[in-house]
Amino acid sequence: MEVQERKIVVAIDEGDESIYALTWAIKNVVSQNSNDTIILLYAKPPLKIYSTLDGSGYLFSSDVIMSMEKYSKEVADSVIEKARRVCGDLQNVKVETRIEKGDARDVICDAVEKIGADILVMGTHGYGMIKRAFLGSVSTHCAQNVKCPVLIVKKPKSS
């Protein structure tokens with residue numbers, strides 16, 4: 001009897017919370033005896049370049065824009081590499097990576113649907129009610145909008 005492949009999307013970012021969620025998922029969700037695929041998903045924020053048409057913005061030279069793009073790519077590559085190291089030498093588990101550009105809420109929801117994920121695993125920054133009201137919560141948004149189960153892993157507070 002063939003074991004069906006599971007697609008486990010793990011949303012990662014620069015924070016320790018997402019690496020903790022990945023580590024937790026490897027220990028508790030991923031099965032070494034199955035056909036699991038971990039898809040490491042990084043949402044690269046769009047560059048904030050303001051137009052001068054309304055007189056309130058700044059116009060950056062192409063050199064500055066290229067430097068900003070290069071830095072953004074280096075950050076994305078670094079985050080993906082760190083997550084790959086956490087995955088180490090998993091047996092019978094494929095590890096794929098995806099870097100998508102855009103708002104994390106939209107990127108994660110869209111990618112989960114396109115991939116046909118069986119589960120989405122993500123960390124949470126643990127913002128309080130006030131901060132969450134102003135900043136919004138990516139994990140809450142995704143939990144309310146994706147069609148697969150969502151596992152939100154909270155990193156314990158260090159003592």
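**Close-up views of a predicted model**

**View 1. Lys44 is found in strand β2.** The model shown here and in the other views is predicted. Lys44 is buried but takes part in no salt bridge. Its nearest side chain of opposite charge is that of Glu69, at 4.4 Å. A salt bridge requires a side-chain nitrogen within 4 Å of a carboxyl oxygen, so a separation of 4.4 Å does not qualify. Apart from neighbours within four places in sequence, Lys44 is in contact with several residues, including Glu69, Ser72, Lys73 and Ala76. Ile99, Glu100, Lys101 and Gly102 are also among the contacts of Lys44.

**View 2. Five strands form an open sheet in the order β3-β2-β1-β4-β5.** The pairing in this sheet is parallel. Strands β3 (94-101) and β5 (150-154) are the edges, each pairing on one side only. On average, neighbouring strands are turned by 25 degrees against each other, direction ignored. Helix α1 (residues 16-28) packs on the sheet and touches β1 (7-12), β2, β4 (119-124) and β5. The direction of α1 makes about 135 degrees with that of β4.

**View 3. Strand β2 (residues 37-44) runs parallel to β3 and is joined to it by eight bridges.** Ala43 has Glu100 of β3 as its bridge partner. Helix α2 (residues 62-87) lies across β1, β2 and β3. The helix runs at about 155 degrees to β2.

**View 4. Lys70 and Glu74 form a salt bridge within helix α2.** The closest N and O atoms of the pair are 3.4 Å apart. The two residues are separated by four places in sequence, about one turn of the helix. Lys70 is exposed, with a relative accessible area of 55%, whereas Glu74 is partly exposed at 42%.

**View 5. A salt bridge between Lys147 and Glu113 links distant parts of the chain.** The N to O distance is 3.9 Å. Lys147 is in the loop between α5 (138-145) and β5, and Glu113 is in helix α3 (residues 104-115). The two residues are 34 residues apart. Lys147 is exposed, with 76% relative accessibility, and Glu113 is exposed with 57%.

**View 6. Asp103 and Arg105 meet through their side chains in a salt bridge.** The distance from N to O is 3.6 Å. Asp103 is partly exposed, at 36% relative accessibility.

**View 7. Asp16, Lys82 and Lys155 are linked in a network of salt bridges.** In the whole structure, a search finds 11 salt bridges.

Terms used. Residues numbered from 1 in each chain as written. Predicted model: local features only at pLDDT ≥ 70, side-chain atom pairs only at ≥ 80, totals over all residues. Heavy atoms only, no water. Pairing = 2+ DSSP bridges. Axes fitted to C-alpha atoms, helices over the stretch in contact; angles between N-to-C directions. Contact = heavy atoms within 4.5 Å. Buried < 20%, exposed > 50% of the residue type's maximum accessible area, 1.4 Å probe, protein only. Lys, Arg positive; Asp, Glu negative; His and termini not counted.
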